[in-house]
Amino acid sequence: MKKIMLACDGSDSAMRALEFAITQSSEHQTTELHLINVQSLPMSYYDALTALSAKELQVALNTLGEETLAPALERLKQTNLSTYHHVHIGDVAQVISEQAEKLGCEQIIMGSRGLGALKGLMIGSVATRVVHLSSFPVTLIK
């Protein structure tokens with residue numbers, strides 16, 4: 001069974017990556033698609049804790065991750081693919097790479113530019129880091 005990790009942050013680029021993954025997966029009878037969203041901790045974690053407890057922050061970030069994945073999951077309902085979705089909190093590139101390896105994925109597919117703070121870069125910093133951290137193919141979609 002081929003396993004693919006699809007990183008999704010809700011950006012246009014991520015949705016194009018989703019369509020690419022669906023097309024690529026339809027070429028294989030047995031493909032397992034793992035959709036992942038990773039929420040970063042606020043830059044000023046301690047400031048956030050003054051307004052929210054650590055548990056409230058975790059719940060809020062998990063909820064945001066689920067909401068971010070909702071359009072992609074809705075699109076995947078129209079396919080016959082075996083799909084799983086995951087929401088994590090942490091360093092985005094590191095978590096994507098670690099989870100892909102942990103789940104036994106053979107490939108990571110993601111948008112070349114996401115919704116990060118530095119939108120104008122040619123290739124996003126998260127995408128660049130995933131390419132460097134991953135030990136297997138990473139496909140970047142414009």
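Q: How is accessible area obtained, and how much does the protein chain expose?
A: Accessible areas come from the Shrake-Rupley method with a 1.4 Å probe; for residues, only the protein chains shown count as cover. In this predicted model, the protein chain exposes about 8100 Å², and carbon and sulfur atoms supply 55% of that area. Local features need pLDDT of at least 70, side-chain atom pairs count only at pLDDT 80 or more, and totals for chains, interfaces and linings use all residues. Residues are numbered from 1 along each chain as its sequence is written, and side-chain values use heavy atoms, leaving out hydrogens and water.

Q: What percentage of the residues in the protein chain is buried?
A: Of the 142 residues in the protein chain, 39% are buried (under 20% relative accessible area, 1.4 Å probe, protein chains only).

Q: Which pattern of helices and strands does the protein chain follow?
A: Helices (H or I, at least four residues) and strands (E, at least two) are DSSP runs, numbered from the N terminus. The protein chain has five of each, in the order β-α-β-α-α-β-α-β-α-β.

Q: How are two packed helices described?
A: They are described by the angle between their axes and the distance between the axes. Axes are lines fitted to C-alpha atoms, for helices over the stretch in contact, with angles from 0 to 180 degrees between N-to-C directions. Here, the axes of H4 (residues 92-102) and H5 (residues 125-133) come within 8 Å and cross at roughly 40°. H4 is therefore oblique to H5 (not under 35, over 145 or 65 to 115 degrees).

Key:
Buried < 20%, exposed > 50% of the residue type's maximum accessible area, 1.4 Å probe, protein only.
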